[in-house]
Protein chains: 2
Amino acid sequence: MAHRTISDEELLGRALELFRTYGFEGVSLKRLAEATGLEKASLYYRFPGGKDDIAMAVVNGVAAAMQHLVFDPLHTGEGTPRKRLQGVIERLREFYACGTKSCVFDLMSIPGASPELKASLRTTMKAWLDSFAAIGRESGLASGQARTRAEEAIGRIEGGLVLARVMGDGAAFERALKTVPELLGTA
Amino acid sequence: MAHRTISDEELLGRALELFRTYGFEGVSLKRLAEATGLEKASLYYRFPGGKDDIAMAVVNGVAAAMQHLVFDPLHTGEGTPRKRLQGVIERLREFYACGTKSCVFDLMSIPGASPELKASLRTTMKAWLDSFAAIGRESGLASGQARTRAEEAIGRIEGGLVLARVMGDGAAFERALKTVPELLGTA
DNA sequence: GTCTATAAAGAGATAGAC
DNA sequence: GTCTATCTCTTTATAGAC
């Protein structure tokens with residue numbers, strides 16, 4: 001079958017699912033080709049840098065997703081901080097499929113990934129910390145405590161995802177999400 | 001050079017460092033051979049199942065390490081719960097090298113690892129949860145809350161390790177460790 | 001118990017047809 | 001813009017010498 005085109009968005013979405021499932025090192029071009037319905041050579045045409053290039057595009061896509069799933073609604077959205085944070089938590093629950101899907105920050109931040117990729121992950125993580133700290137301040141926390149609590153909340157979420165993966169049960173992630181409003185002062 | 005023997009303990013220690021650095025999929029037999037000073041064929045002689053076999057032995061070693069670094073001192077050790085937990089936290093700090101080393105529960109619990117390996121990780125994680133819950137109860141927490149807090153503490157530790165890796169700075173792990181005594185009621 | 005050598009499969013990468 | 005074909009290097013795994 002010739003010319004089985006697939007949009008960049010669809011392609012990168014499927015690549016994301018592979019990377020967050022198998023980890024950076026666990027994803028091969030063969031797997032990417034099977035998941036996208038393209039041959040390896042076609043992937044090289046669209047992403048000349050090969051796997052690193054695709055992984056970078058995936059991570060940039062995640063950064064964009066975090067921007068409009070989390071950062072924008074928290075910062076420029078309507079309603080009380082409490083309501084905005086509730087909405088963000090709902091979107092995180094969906095993004096991580098109730099704890100059944102792992103975090104790309106976790107599985108792609110290991111050696112083997114390019115320095116650029118790791119830098120992008122770090123930048124997005126910083127933005128997440130800033131975003132949660134801002135909502136904490138808006139809810140009345142002092143600046144220093146808002147930073148501490150933002151790290152605590154994100155740590156709980158990431159740790160909950162690890163626990164959920166190890167235990168084979170998303171419940172630990174759900175419980176972690178529940179602690180976030182109190183940590184950020186919107187409970 | 002012939003017959004460059006290495007003890008199982010030393011061999012598995014070096015393998016552990018590889019697995020917790022590069023993840024399960026990122027470790028090849030070539031890397032294991034280089035790190036241990038043995039040829040690949042020698043590794044197959046000692047671990048006939050190859051990489052899966054070595055990984056399983058590594059994870060069993062980690063289970064044993066957790067037993068005498070964490071579970072035994074918490075359960076049968078001397079001193080107040082507060083003192084025992086302090087000692088355990090010190091040992092965890094050392095085991096994770098102040099947040100510069102990742103958690104084997106995290107990096108080895110992905111597809112690619114054998115079901116037996118994942119089962120062993122889960123069993124050890126359950127033991128960790130039980131151990132922290134027991135110290136919480138001993139410190140006066142109600143049974144249900146002790147379980148919740150144990151998961152919270154381990155989640156914070158695991159999340160702190162993920163944050164430390166992503167940010168390239170162990171500080172997030174150190175801050176996570178600091179929250180543990182309060183969570184378990186020994187602060 | 002470790003070595004050298006090698007086979008077979010998988011991975012990354014490119015050339016050239018359509 | 002995707003395909004088939006191919007090349008090289010890596011990885012897993014085994015056979016047989018010492």
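## What "buried" means here

A residue counts as buried when its relative accessible area is under 20%. Keep that cut-off in mind, because Phe105(A), with a relative accessible area of 1%, is buried by it. One more thing before we look around: this is a predicted model.

## The overall build of chain A

Let's start with the big picture. Chain A has nine helices and zero strands, so if you walk along from the N terminus, the elements read α-α-α-α-α-α-α-α-α. The radius of gyration of chain A is 18 Å, close to the 16 Å that the globule rule gives for 187 residues, so chain A is as compact as a globular protein of that length. Along its principal axes, the C-alpha trace of chain A spans about 60 × 35 × 30 Å.

How much of chain A counts as buried? Of its 187 residues, 52% do. Now take the contacts in chain A between residues at least 6 apart in sequence: 64% of them join residues at least 24 apart.

## Surface and charge

What does the outside look like? The accessible surface of chain A comes to about 8400 Å², and carbon and sulfur atoms account for 52% of that surface. As for charge, chain A carries 24 positive and 23 negative charges. Work out the mean position of each set, and the two points turn out to be 3 Å apart.

## Rings that pair up

Over all chains, the structure holds 10 aromatic pairs. One of them is formed by Phe95(A) and Tyr96(A), 5.1 Å centre to centre with 80° between the planes, which makes the pair edge-to-face. Are these two residues buried or exposed? Phe95(A) counts as buried at 19% relative accessibility, and Tyr96(A) is buried too, with a relative accessible area of 1%. Phe95(A) sits just inside the limit, because buried means under 20%.

Next, look at Phe105(A) and Trp128(A). Their ring centres are 6.1 Å apart and their planes meet at 40°, so this pair is tilted. The pair links distant parts of the chain: Phe105(A) belongs to helix H6 (residues 104-107) of chain A, while Trp128(A) belongs to helix H7 (residues 115-138) of chain A, 23 residues apart. Back to the opening definition: Phe105(A) is buried, with a relative accessible area of 1%, and its partner Trp128(A) counts as buried at 0% relative accessibility.

Pairs can also join up into something bigger than a pair. Which residues do ring pairs link into a cluster? They are Phe95(A), Tyr96(A) and Phe173(A).

## Ala150(A) and its neighbours

Find Ala150(A) in helix H8 (residues 143-167) of chain A. Ala150(A) is buried, with a relative accessible area of 0%. What does Ala150(A) touch, not counting residues up to four places away in sequence? Its contacts are Leu129(A), Phe132(A), Ala133(A) and Leu184(A). You can also check a distance from here: Ala150(A) and Glu182(A) are 32 residues apart along the chain, and their C-alpha atoms are separated by 11 Å.

## A quick stop in chain B

Over in chain B, Ser131(B) lies in helix H7 (residues 115-138). With a relative accessible area of 11%, Ser131(B) is buried. Leaving out residues up to four places away in sequence, Ser131(B) touches Val70(B), Phe71(B) and Leu74(B).

Technical notes: Residues numbered from 1 in each chain as written. Chains lettered and ligands numbered in written order. Predicted model: local features only at pLDDT ≥ 70, side-chain atom pairs only at ≥ 80, totals over all residues. Heavy atoms only, no water. Helix = DSSP H or I, 4+ residues; strand = E, 2+ residues; numbered from the N terminus. Rg over C-alpha atoms; globule rule 2.2 N^0.38 Å. Buried < 20%, exposed > 50% of the residue type's maximum accessible area, 1.4 Å probe, protein only. Contact = heavy atoms within 4.5 Å. Areas by Shrake-Rupley, 256 points an atom, 1.4 Å probe, with all protein chains shown as cover. Lys, Arg positive; Asp, Glu negative; His and termini not counted. Charge placed at Lys NZ, Arg CZ, Asp CG, Glu CD. Phe/Tyr/Trp six-rings, centres within 6.5 Å; stacked < 30°, edge-to-face > 60°.
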